[in-house]
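Hi everyone, thanks for making time today. I'd like to walk you through a structure that is new to most of us, a few places at a time. Let's put it on the screen.

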Amino acid sequence: MSTMDTFFAATEKALGSGSVNRSEETIRRYGENTMAGGDKRPAGVVYPSSTAQVQAVVRLANQYKTPLYPVSTGQNIGLGSRSAPREGQVVVDLGFKMNRILEIDEKLAFAVVEPGVSYQNLYDELVRRGNKLMLDVTSGPPQGGMIGNALDKGAGYTPYFDHFGFSCGMEIVLGNGEVLRTGDGALDARELANWHTSKYSFGPILDGLFTQSNYGIVTRMGFWLLPRPPATRSFHFAFPEDDDLEEAVELCRPLKMSNFVPSLFRVSNDLYLCGSEGESPEYRASGGKRAISDEGRRALRQKVGVGAWTVSGAFYGPSAAAIEPQLQRVRDHFGRSGKARYIAHDEAAHIPPLQVAINAFSGIPSLGELGLLKWRPGGGNIWFLPGTPMDGKVANEFQRICRNIYEQHGLDYTVMNVCGPRFARGLHVITFNREDEDERRRADACYREMSKTVAARGVFVGRAPLDYHDFHMAQTMPAFRDACVAIKRALDPNGVIAPGRYGIG
């Protein structure tokens, strides 16, 4: 019997019947992803049902020197799905059994969840309880995991957009099998009154160590919720030309700097919005060798009712009438451009990609943006996630650079800039035919060229797809890499948790 076989036998004995799956179908399914580099087959999958069982799995992994790869729930499309960084690791599917909403405190407005709780799960429970509280959601699939997204520094669009920032209190199984609680949870006591209400407790703030890393396995996490406002009204402005991004960013920045607009801005290009409505009308004719033409993009904009860039935001208040003066002020502000076409909330509700934005601003999970996966056939999808300062000239320079690189590789420039007061995250979607070897090669080359080009201008990515963890880690300063390795050795001395994740060996 091999060491791996012995590990699985010991795990099933410790966790019980049905806790291990090594069937061919399961291995294939957990190895699937949308990357250009191909699937990565795990050795098998284990299903713990509690923190104690996660501890047992980690201790057995240390005993048998078995690499583990924990996942929560959802698909993580464009960033690696449920694939491990390297083939042959054991997937620890936390979400399969650890899927409970542990607590909802309606007075203090927070929830405590296990890794298997999705945005849809918590939203449904909040609605069942009277819809008095609102969670921030992504505009991605409703089945995305709350803990997994927060730990990968994901975000949404409401005033509570920062999913890690608005988390509070974690429970983690470290690489040596010990349990750590962060914040006030570190108090050695039975009753913990402030575990999920006080972020800054005694001693160092350790929570951030467990984002985009492989130092431990998070088994529960608290999230702050927003009291649901009686009314939400969105606003949208369509700009006609590609270079109008400069003006759009300049108009957005003061409204966020003063926090007059409480939501983040979604500044989406035409293909980010139109791409969710069906396959590229020019793909078949070009055989996927060329980007869509400017004429093709203009036709799509006219059909869908959006601009070359469309700015979206939202206000909250006691009633739609009470919000009207704020909407008028924003209309006057954007009206200075002489270019922006106003799209009111009620009109936007009849434009499917803008309804996705309305849902996101309202804390309602939705499926709309999944349509981007069908822009080209073959299921290939990579997300490139750099950020730029909220400076119109800089933002426009970067959109020209990235647009040109996409087009040089025969791909379609697809991006949404999520804008705060000082910084915008660019959600670049590289959609390609994964069944076509040439398109796979071009998609990979496109990602790498954009990464190197923006890094040379001092811009780094905020999240990274699975295939590029080592690539991006190599772009960091030596002291950063050394610190990551030193922490790994301290918290996971045998390196059993997700070796290679985010480039940490």
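Let's start with one residue, Asp244, which counts as buried because its relative accessibility is 4%, and the cut-off for buried is under 20%. Please keep in mind that this is a predicted model. If you want to find Asp244 yourselves, look in the loop between β12 (231-239) and α6 (245-257).

So who does Asp244 meet there? Setting aside neighbours within four places in sequence, Asp244 is in contact with Phe239, Trp309 and Lys339. With Lys339 there is a polar contact as well, side chain to side chain, at 2.9 Å. And how far is Asp244 from Arg434 in space? From C-alpha to C-alpha the two are 33 Å apart, with their positions 190 residues apart in sequence.

Next, another loop residue. Thr138 sits in the loop between β7 (133-134) and α5 (146-151). Is Thr138 buried or exposed? Its relative accessibility is 14%, so Thr138 counts as buried. The side chain of Thr138 reaches the backbone nitrogen of Gly140 at 3.1 Å. Not counting residues up to four places away in sequence, Thr138 touches Tyr119, Asn149, Ala155, Tyr157 and His163.

Two of those names come back when we turn to the empty spaces. Tyr119 and His163 are among the residues that line the second largest cavity. That cavity holds about 120 Å³ of space. Its lining also includes Met134, Leu135, Phe166 and Trp224. By class, the lining of the second largest cavity has 10 nonpolar residues, 1 polar and 1 charged.

How many cavities of 30 Å³ or more are there in the whole structure? The search finds 7. The largest cavity has a volume of about 140 Å³. It is lined by 16 residues, and those closest to its centre are Thr388, Ala395, Phe398, Asn417 and His428. Four elements each give two or more residues to this lining: α6, β16 (380-389), α13 (392-408) and β18 (423-432). You may remember α6 from the start, as the helix at the far end of the Asp244 loop. In the lining of the largest cavity we count 10 nonpolar and 6 polar residues, with no charged ones.

Now for an open space. The second largest pocket has a volume of about 380 Å³. Of its 21 lining residues, Lys153, Gln212, Met473, Phe480 and Tyr502 are the closest to the centre. At least two lining residues come from each of β19 (461-463), α15 (469-473) and α16 (478-491). This time the lining divides into 11 nonpolar, 8 polar and 2 charged residues.

Last stop: a helix. How far apart are the end C-alpha atoms of α3, residues 51-64? With 14 residues at 1.5 Å a residue, α3 should span 20 Å, and its end C-alpha atoms are 20 Å apart, so the two values agree. Here is a handy reminder: an α-helix has 3.6 residues a turn, so residues three or four places apart point the same way. With that in mind, have a look at the buried residues of α3, which are Thr51, Gln53, Val54, Gln55, Val57, Val58, Leu60, Ala61 and Asn62. Just after α3 comes Lys65, with a positive phi of about 55°.

That's my tour, and I'm happy to go back to any of these places on the screen.

Definitions and conventions
Residues numbered from 1 in each chain as written. Predicted model: local features only at pLDDT ≥ 70, side-chain atom pairs only at ≥ 80, totals over all residues. Heavy atoms only, no water. Expected span 1.5 Å × (residues − 1). Buried < 20%, exposed > 50% of the residue type's maximum accessible area, 1.4 Å probe, protein only. 1 Å grid on protein atoms, 1.4 Å probe; cavity = no way out; pocket = protein on both sides within 12 Å on 5 of 7 lines; lining within 4 Å. Points joined across faces, edges and corners; volume = space filled by probe spheres on them. Nonpolar A, V, L, I, M, F, W, Y, C, P; charged D, E, K, R; others polar. Polar contact = N/O pair within 3.5 Å; in protein donor to acceptor, adjacent residues only side chain to side chain. Contact = heavy atoms within 4.5 Å.
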